[in-house]
Amino acid sequence: MKRIIIALGVIAVLAVGIMTVMNMTDEGSVATADGAGPSVPQAEVEKHAMNDFHYAKDIPDAVNCPSGLPAKKGSVVRCTAVFGKESKTMEVSADDIDGDQVTLGYGLLENP
């Protein structure tokens, strides 16, 4: 019975077909939040994602986010990262908050 449950779990994961590839810089990327929200502005999220995220020793040619990132630990914004002719969904997260300083984390969602 255990084997059937494990097999079903594996099948469910494979059926979803999405995995997250995390790649953070050693010290993290730190951005400054501002505004009434407060949040890290969209342009700053995109700039840090382009400059600080490295995937297979490649940096994105462009990163486009629909909004800024709320300065609340655990907040996530899904962006589009372009690597050559390939686009991938990138998640930028607020991993830590210290005053108006937000430590950003990055991950890619991609089909295996």
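Along the sequence, the elements of this chain come in the order α-β-β-β-α-β-β-β-β-β. That makes two helices and eight strands, all seen here in a predicted model. Of the 112 residues in the chain, 34% count as buried.

Let us start with the covalent link. A disulfide is a covalent bond between the sulfur atoms of two cysteines. The chain has one disulfide, and it is formed by Cys 65 and Cys 79, with their sulfur atoms 2.1 Å apart. Because Cys 65 sits in the loop between strand 4 (62–64) and strand 5 (69–70) while Cys 79 belongs to strand 6 (residues 76–83), the pair ties together parts that are 14 residues apart in sequence. The torsion about the S-S bond of Cys 65 and Cys 79 is about 100 degrees, so the disulfide is right-handed. Are these cysteines buried or exposed? Cys 65 is buried, at a relative accessible area of 5%, and Cys 79 is buried too, at 2%.

Next come the charged pairs. A search of the whole structure gives two salt bridges, set out here:

| Salt bridge | Closest N to O distance |
|---|---|
| Glu 91 with Arg 78 | 2.8 Å |
| Lys 88 with Glu 86 | 3.1 Å |

What does the salt bridge between Glu 91 and Arg 78 tie together? Glu 91 lies in strand 7 and Arg 78 in strand 6, so this pair links parts that are 13 residues apart in sequence. Strand 6 is also the home of Cys 79. Glu 91 is partly exposed, with a relative accessible area of 21%; the cut-off for buried is under 20%, so a value of 21% falls outside that class. In the other pair, Lys 88 is buried at 10% relative accessible area, whereas Glu 86 counts as partly exposed at 44%.

On the surface, which residues form a negative patch? The members are Asp 34, Asp 95, Asp 96, Asp 98 and Asp 100. One of them, Asp 98, lies in strand 7, which spans residues 86–98. Asp 98 counts as exposed, because its relative accessibility is 58% and exposed means over 50%.

A last stop is His 54, placed in the loop between helix 2 (42–52) and strand 4. His 54 counts as partly exposed, at 35% relative accessibility. How far apart in space are His 54 and Tyr 106? Their C-alpha atoms are 9.3 Å apart, although the two residues are 52 residues apart in sequence.

Note on methods. Residues are numbered from 1 along each chain as its sequence is written. This is a predicted model: local features need pLDDT of at least 70, side-chain atom pairs count only at pLDDT 80 or more; totals for chains, interfaces and linings use all residues. Side-chain values use heavy atoms; hydrogens and water are left out. Patches are made of residues with over 30% relative accessible area and no salt bridge: like charges are joined within 9 Å, nonpolar side chains (Val, Leu, Ile, Met, Phe, Trp, Tyr) within 5 Å. Accessible areas come from the Shrake-Rupley method with a 1.4 Å probe; for residues, only the protein chains shown count as cover. A salt bridge is a side-chain nitrogen of Lys or Arg within 4 Å of a carboxyl oxygen of Asp or Glu. Lys and Arg count as positive and Asp and Glu as negative; His and the chain ends are not counted. The place of a charge is taken as NZ of Lys, CZ of Arg, CG of Asp or CD of Glu. Helices (H or I, at least four residues) and strands (E, at least two) are DSSP runs, numbered from the N terminus. Buried means under 20% relative accessible area, exposed over 50%, partly exposed in between (1.4 Å probe, protein chains only). A disulfide is a pair of cysteine sulfur atoms within 2.5 Å.
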